[in-house]
Amino acid sequence: MPNFSAQLLAWVLFCFSTLAMAQGYEQLYSDYRGSLYQIRLIEKSSNSKAGLGSGFQISADGLLATNYHVVAQAVSDPDKYILEYLSTDGTKGTLKLLDIDVVNDLALLRQDKPGKEYLQLATETPKQGETIVSLGNPLDLGMTLIPGTYNGIAGGSFYDRIHFAGSINPGMSGGPAINTRGQVVGINVATAGNQVSFLVPVDKLISLLKHFHRRNVALDLQEVTYQQLLDNQQRIIDSILEADWQRRSLGEAKVVGEIVPAIKCWGNSEEDSDNPIKRIDKGCTGQDVIFLSDEFNTGRVEYEFFWLEAEGLLPARFYAEYEHQMSTFYPGNSAGEEDVTNFHCRQGFTSQPRNGNGNGPQSKPERSKKPLISRTSYCVRRYKNFPDLYDIFFLSLSVDQKNRALVSHFTLSGFTRESADAFAEKFTSEIQWH
């Protein structure tokens, strides 16, 4: 027989714990709402809102923290935009941009009239599964509290991000995530939907504060951005070149797989009775980019391979179909005319011994006598505001087989020519066709 007394007791305890939790959230919101602000990007000529985000006060003298992407337009075009804040009680004021960390998506600002309340930054990392609370202004609906759990630093990224099991919605970017003691443990930054969201760890904000306090002069924010992008691309390329590159089979070739955990690969095959060419795809890309403006992002690493083959198809038709399928390549990152120059391309033919360095399977005798011939394009476009940084677009199409072909492509965005050349040399040397 069921133990109804035990079931009743469990139900009562559940109701009390739920009520206590709700009251706890209400208290958190009541205690810390005075430290929260909506950050507004105002277009000067129309005096209208052009963008919204969230922020929070972190010092008695009016320092505010938010995401860099919330204020990015004011950095890239200060003559067109200004920044304002709106408090939860309706107080408005202007903001001065003081310091930035574009890699970790953070910005420091100062209010013209400091508020009376501010949040403390946590010095201890939450425990796995600990309840934390995200605060922000979703969809311009007013300040909102979203409870969730701390799940540690998410894997598979070039950048440290906390995995937060809760819903961060548009407009909450730059708001704080606090523990039950009201201390900031992270900053809202992105969501993947379905209760999977990401926070910038608070130690990145602490580092930005230290950088700000160490200097006594105003910063040239464009120069700061430039140096941070230079340092970041070097960090990424070093980690890639120092890694143990693993090859994976693709048709009769061996190609590059997941070089580092931050790069994820996918695969697909297409075999349609209406299309005589069978195609096998393998694509790999870094999971994050650096946001510089609405139309300009950088820091992307991606590479793709395509194996195509057709039995009984005349070579002329095979290559016509092959080139048609491969005619839609474009760089993986977005950029506007004001951001980058046009691409300048170097094209030619390359030959590579089959089996690469000889570590792969033994070639068939009739194929091992001839090198692999490919038509290549190596294209670069320069960043107008950051002259030592480039987007690099590489494409290689094999041309020496009657009914088989291997296509290799990579895009690097925001890298120096030296970094790109080192990657290209390593990338092409790792590809084998046996």
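Which residue does a disulfide join to C345? The partner is C379, with an S to S distance of 2.0 Å. This briefing describes a predicted model of a protein chain whose secondary structure comes to 7 helices and 25 strands. Of the 434 residues in the protein chain, 50% are buried.

**The chain as a whole**

- The protein chain exposes about 21200 Å², and carbon and sulfur atoms supply 50% of that area.
- Among contacts between residues at least 6 apart in sequence, 65% join residues at least 24 apart.

**Disulfides**

- The count of disulfides in the model comes to 2.
- When the bonded cysteines of the protein chain are numbered in sequence order, the pairing reads 1-2, 3-4.
- One disulfide joins C265 to C284, with an S to S distance of 2.0 Å. This pair links distant parts of the chain, since C265 belongs to strand β16 (residues 263-270) and C284 to strand β17, 19 residues apart.
- The link of C265 and C284 is right-handed, with 105 degrees about the S-S bond.
- C265 counts as partly exposed because its relative accessibility is 22%, a value that lies between the 20% limit for buried residues and the 50% limit for exposed ones. C284 is buried, with a relative accessible area of 2%.
- The other disulfide, that of C345 and C379, also links distant parts of the chain: C345 is in strand β21 (residues 344-352) and C379 is in strand β22 (residues 372-382), 34 residues apart.
- The torsion about the S-S bond of C345 and C379 is about 110 degrees, so this disulfide is right-handed.
- C345 is partly exposed, with a relative accessible area of 45%, whereas C379 is buried, with a relative accessible area of 5%.

**Helix α4**

- Helix α4 covers residues 221-241, which makes 21 residues. At 1.5 Å a residue the helix should span 30 Å, and the end C-alpha atoms are 30 Å apart, so the expected and modelled spans agree.
- At the start of α4, the backbone nitrogen of Q222 has a side-chain oxygen of D220 within 3.1 Å.
- Many positions can be listed as buried in α4, including L221, V224, T225, Y226, Q228 and L229. Further along the helix, L230, N232, Q233, I236, I237 and I240 are buried as well.
- An α-helix has 3.6 residues a turn, so residues three or four places apart point the same way.

**Strand β20 and its partners**

- Strand β20 (residues 301-309) has 9 of its 9 residues buried, so the strand is largely enclosed by the rest of the structure.
- V301, Y303, F305, W307 and E309 point one way from β20, while E302, E304, F306 and L308 point the other way, and all are buried.
- This arrangement can be read against a general pattern: in a regular strand the side chains alternate between the two faces of the sheet.
- Strand β17 (residues 278-286) runs antiparallel to β20 and is joined to it by 8 bridges. Within this pairing, E304 of β20 is the bridge partner of G283.
- Strand β24 (residues 404-415) also pairs with β20 in the antiparallel sense, over 9 bridges. Here R404 of β24 is the bridge partner of E309.

**An open sheet of 3 strands**

- The strands β14, β15 and β25 form an open sheet in the order β14-β15-β25, with antiparallel pairing.
- β14 (247-250) and β25 (432-433) stand at the edges with a single partner strand each, so one side of each is left without a neighbour in the sheet.
- The antiparallel pairing of β14 with strand β15 (residues 253-256) extends over 4 bridges. In β15, V255 is the bridge partner of R248.

**The surroundings of S396**

- S396 lies in strand β23 (residues 390-398).
- The relative accessible area of S396 is 9%, and S396 is therefore buried.
- Leaving aside residues up to four places away in sequence, S396 touches S374, R375 and T376, together with L406, V407 and S408.

Technical notes. Residues numbered from 1 in each chain as written. Predicted model: local features only at pLDDT ≥ 70, side-chain atom pairs only at ≥ 80, totals over all residues. Heavy atoms only, no water. Helix = DSSP H or I, 4+ residues; strand = E, 2+ residues; numbered from the N terminus. Expected span 1.5 Å × (residues − 1). Buried < 20%, exposed > 50% of the residue type's maximum accessible area, 1.4 Å probe, protein only. Polar contact = N/O pair within 3.5 Å; in protein donor to acceptor, adjacent residues only side chain to side chain. Pairing = 2+ DSSP bridges. Disulfide = S-S within 2.5 Å. Contact = heavy atoms within 4.5 Å. Areas by Shrake-Rupley, 256 points an atom, 1.4 Å probe, with all protein chains shown as cover.
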